[in-house]
Each structure stands twice: as structure tokens, then as C-alpha cells.
Amino acid sequence: MIRPRSNLRRGEPSKQEKQEARIACHDRAGGICEDCGRWLPLELGHLHHKHSKRRFGWLESNNQRHIWLCARCHHDRHCPKVVPSK
């Protein structure tokens, strides 16, 4: 059985800070997926990191490290489609 972590990792924000980052990114994007342009509410959107969290830190000062994506576009960012060569 895997026990949930009680301590935060170094540099990891609290749940409150994560929620504030999601709200700020949602408001900046106007609730619109920044890849496909579909509108989605705060509960259904995904916060995507442009750069590595480990190298650059989780939170940013000007909300430019995160982008707002729908579930499909977020999946495509993490698992790009491989087109076979002919």
C-alpha cells in the first residue's frame, strides 16, 4: 500500500498556492484552451507547465510559465502523435 506524502517536496507549493495558480492562468487565458480555442470552465481545464518544474520551479512570478489547455490538448502535449514515415 502506498501511503500519501505528508510533507511537501522542496519548492512544491501548497494546495492553496496551486489553486491560485490555476485561477490566475484560467483568468489570463479567458477560460479558452490556448491550443484549440475551446472554452472550458475552471474545473475541466488543465494547467500545463511550459518548462520543467524541477529545473525552473513550480510557481512563476508573471504567469508566463503555465498555459491553459483542455484535456485533449494537454494529453497531446505530453504524448505527441508519432507519424510513421513512408
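**Entry 1: burial and surface**

I began with burial: 28% of the 86 residues of the chain count as buried, where buried means under 20% relative accessible area, exposed means over 50%, and partly exposed is in between (1.4 Å probe, protein chains only). This is a predicted model, in which local features need pLDDT of at least 70 and side-chain atom pairs count only at pLDDT 80 or more, while totals for chains, interfaces and linings use all residues. Residues are numbered from 1 along each chain as its sequence is written, and side-chain values use heavy atoms, with hydrogens and water left out.

Next I looked up the surface. The chain exposes about 7000 Å², an area from the Shrake-Rupley method with a 1.4 Å probe, where for residues only the protein chains shown count as cover. Carbon and sulfur atoms supply 52% of that exposed area.

**Entry 2: the layout**

I listed the elements and found 3 helices and 2 strands. Both are DSSP runs numbered from the N terminus: helices are H or I with at least four residues, strands are E with at least two. Along the sequence, the pattern reads α-β-α-β-α.

I also checked how far along the chain the contacts reach (contact means heavy atoms within 4.5 Å). Of the contacts with a separation of 6 or more, 53% are between residues 24 or more positions apart.

**Entry 3: helix H1**

I spent a while on H1, which covers residues 15-29 and has 15 residues. From its first C-alpha to its last it reaches 21 Å, close to the 21 Å expected at 1.5 Å a residue; the expected span is 1.5 Å times one less than the number of residues.

Which residues of H1 are buried? I noted Ala21, Arg22, Cys25, His26 and Ala29. Seen down the axis of H1, these buried residues fall within an arc of 130°, so they line one face of the helix. The arc is that of the directions from the helix axis to the C-beta atoms. On the face turned away from the buried side, I found the exposed residues Gln16 and Asp27.

What covers the buried residues of H1? The cover includes strand S1 (46-49) and S2. After H1 comes Gly30, with a positive phi near 70°.

**Entry 4: the nonpolar core**

I then pulled up the largest nonpolar core, which has 12 residues in all. Such a core is a set of buried Ala, Val, Leu, Ile, Met, Phe, Trp, Tyr and Cys residues joined through side-chain atoms within 4.5 Å. The members are Ala21, Cys25, Ala29, Cys33, Leu40, Leu42, Leu47, Ile67, Trp68, Leu69, Cys70 and Cys73. H1 and S2 each supply at least two residues of this core. In soluble globular proteins, nonpolar side chains tend to be buried together.

I picked Ala29, a member of this core, for a closer look. Ala29 sits in helix H1 and counts as buried because its relative accessibility is 17%. Leaving aside neighbours within four places in sequence, Ala29 is in contact with Glu34 and Trp68. Ala29 and Ile67 are 38 residues apart in sequence, yet their C-alpha atoms are 7.8 Å apart in space.

**Entry 5: a histidine pair between strands**

Which side chain does His66 join in a polar contact? I found the side chain of His49, at 3.2 Å. A polar contact is a pair of N or O atoms within 3.5 Å; within protein, one must be able to donate a hydrogen and the other to accept it, and residues adjacent in sequence count only if both atoms are side-chain atoms.

His66 is in strand S2 (residues 66-69), while His49 is in strand S1. Is His66 buried or exposed? His66 counts as buried because its relative accessibility is 1%. His49 is buried too, with a relative accessible area of 14%.

**Entry 6: helix H3**

My last stop was H3, which runs over residues 71-78 and includes Ala71. Ala71 is partly exposed, as its relative accessible area is 43%. The C-alpha atoms of Ala71 and Gly45 are separated by 6.7 Å, with their positions 26 residues apart along the chain.

His78 also lies in H3, and I have it down as exposed, with a relative accessible area of 53%. The side chain of His78 makes a polar contact of 3.2 Å with the side chain of His74. His78 and His48 are 30 residues apart along the chain, and their C-alpha atoms are separated by 9.5 Å.
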